Structures are given as structure tokens and as C-alpha cells.
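Ready for a walk through a protein chain? Keep your viewer open, and select each part as we come to it.

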Amino acid sequence: MTATGSVTIEHPSAVVQAALSDQPPQAKVGDRVYLGDVVQTGADGRVGINFTDGTSFNLSSNAKMAMTEFVYDPNGKSNSTLFKLANGTFTFVAGNIAKTGDMKIDTPAATMGIRGTTPRIEISDDGTVRFATLVEEGKSKLIRKPATRAVPQSEQNLHHRFNPNICRGC
């Protein structure tokens, strides 16, 4: 895990948990995320989490995610995971669970099934959800066909490259 700024991991399902203050302690590199945990970043926080199946997950500032389900057997075909995203921006690279089981991402708008893509999900404070699939440079399988109509100059300048800077193997 990588962490900068304000990042907390709440362990609500822990059997023994000492509460010395109302606030959960700040997360640090090396902290583990367990089933049922809630990961949250503050206004200055960012966190990158690597899971045992190879999934790499980045949360931006003011983000909140709960790990509701995580079943992974490297030799299994019935793997499953469910991440519940409440708010903020999330970018991740799906690992082996997406390829050998059932990976789902729950948002306020919908539950998405992931099959090995690299999604970016943005949940605004008003509940608006934006979803994009990122394509690694040089890995696009899109075939461009000649345009059937002329593209106005204003539309030509709308294409931008997005670099998610996903922390993989941190």
C-alpha cells in the first residue's frame, strides 16, 4: 500500500478493537486491508492498495471504499470480490479475480461487473457517477474507420490522453 496525506482504514468487524479516540488511526504503508474494512481518504489524501490477486486500486482525495467480499484461490475458478464505492475517484487495474471469477464494483448508481478492464469511476458529492474504461498505450484493439462526415474543428480538439498513474507493485 502507498499512502499520502490523510488516509484511514476502519476495521468495523474486528473482534478486538481498542478505541482511544473518535477518529481511526492514520493508515501507513504496510497496513493490511481486511474483509469488511472501510478505506477513506481526506481532502489531502491518496492511497494505492495492492491485493493478493494482482488487483491494484487507487483512491483519490475525499474517497471512501468498503471491501464487502474478497475470495481468492490462485488455483480456483470461483473467485469473487465486491468493492462498495461511496464517493471520490477510483482507478484500478483488475487482477486475477476478474479473469477467474466474479469481480463487482458497487456504486450509488449501479453495480458493475468487471472482466479485466481498467476502469476509472468518479462519484461526486451529489451522487453523480461517471465511468470510463482506460486503455493502456499501445494495447488498443480499436480499428479506426474513415469518417463518414466532416468533423468540426471544435470536436477535433476534444481528444485527450489520460494517464492514471496507477500504482502497481508498490
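## A pair of strands to start

Begin by selecting strand β8 and strand β9 (residues 111-114), which run antiparallel and are joined by four bridges. Keep in mind during the whole tour that this is a predicted model. Four residues form the hairpin connection that leads from β8 to β9. To see one of the bridges, pick isoleucine 105, whose partner in β9 is methionine 112.

Now add β7 to the selection. With strand β8 (residues 101-106), β7 pairs in the parallel sense, and here there are six bridges. For an example, show lysine 84 together with aspartate 106, its bridge partner in β8.

## Zoom out

Before going further, show the whole chain as a cartoon. How many helices and strands are in the protein chain? You should find two helices and 11 strands. Followed along the sequence, their pattern is β-β-β-β-β-β-β-α-β-β-β-β-α.

The protein chain has 170 residues, and 33% of them count as buried. If you switch on the surface, its accessible area comes to about 11000 Å², with 50% belonging to carbon and sulfur atoms. Among contacts with a separation of 6 or more, 49% are between residues 24 or more positions apart.

## Asparagine 79

Next, select asparagine 79, which lies in strand β7 (residues 79-93). Is asparagine 79 buried or exposed? Its relative accessible area is 3%, under the 20% cut-off, so asparagine 79 counts as buried.

Show its side chain as sticks and look for two polar partners. The side chain of threonine 100 makes a polar contact with the side chain of asparagine 79, at 2.7 Å. A polar atom of the asparagine 79 side chain also lies 2.7 Å from the backbone nitrogen of aspartate 73.

Leaving out residues up to four places away in sequence, you can colour everything that asparagine 79 touches: Val71, Tyr72, Asp73, Ile97, Thr100, Gly101 and Asp102.

## The aromatic rings

Now select Phe51, Phe57, Phe70, Phe83, Phe90 and Phe92, which form one aromatic cluster. The count of aromatic pairs in this model comes to five. Take a look at phenylalanine 57 and phenylalanine 92: their ring centres are 5.0 Å apart and their planes are at 0 degrees, so this pair is stacked. Phenylalanine 57 belongs to strand β5 (residues 56-59) and phenylalanine 92 to strand β7, so the pair ties together parts that are 35 residues apart in sequence. Both phenylalanine 57 and phenylalanine 92 are buried.

## Into the core

Stay with phenylalanine 57 for a moment and add Ile49 and Met65. In the largest nonpolar core, which has 27 residues, Ile49, Phe57 and Met65 touch the most other members. Which strand gives the most to this core? The answer is β7, with four residues. In soluble globular proteins, nonpolar side chains tend to be buried together.

Centre the view on isoleucine 49. Beyond its neighbours within four places in sequence, isoleucine 49 is in contact with Met1, Val33, Val39, Thr55, Ser56, Phe57 and Met65.

## Two loops to visit

Move to the loop between β5 and β6 (64-71), where you will find asparagine 62. With a relative accessibility of 41%, asparagine 62 counts as partly exposed. Check its backbone too: phi is near 55 degrees, a positive value in a residue other than glycine.

For the final stop, select β10 (118-123) and β11 (129-134), with threonine 128 in the loop between them. β10 and β11 pair in the antiparallel sense over six bridges, and one to show is glutamate 122 with its partner in β11, arginine 130. Their hairpin has five residues between the strands, and among them glycine 127 takes a positive phi near 90 degrees.

Threonine 128 itself is partly exposed, at 35% relative accessible area. Its side chain makes a polar contact with the side chain of aspartate 126, at 2.7 Å. Not counting residues up to four places away in sequence, threonine 128 touches Glu122 and Ile123. To finish, draw a distance from the C-alpha atom of threonine 128 to that of asparagine 87: the two residues are 41 residues apart along the chain, and these atoms are separated by 9.4 Å.

Technical notes:
Residues numbered from 1 in each chain as written. Predicted model: local features only at pLDDT ≥ 70, side-chain atom pairs only at ≥ 80, totals over all residues. Heavy atoms only, no water. Buried < 20%, exposed > 50% of the residue type's maximum accessible area, 1.4 Å probe, protein only. Polar contact = N/O pair within 3.5 Å; in protein donor to acceptor, adjacent residues only side chain to side chain. Contact = heavy atoms within 4.5 Å. Pairing = 2+ DSSP bridges. Phe/Tyr/Trp six-rings, centres within 6.5 Å; stacked < 30°, edge-to-face > 60°. Areas by Shrake-Rupley, 256 points an atom, 1.4 Å probe, with all protein chains shown as cover. Core = buried A, V, L, I, M, F, W, Y, C linked by side-chain atoms within 4.5 Å.
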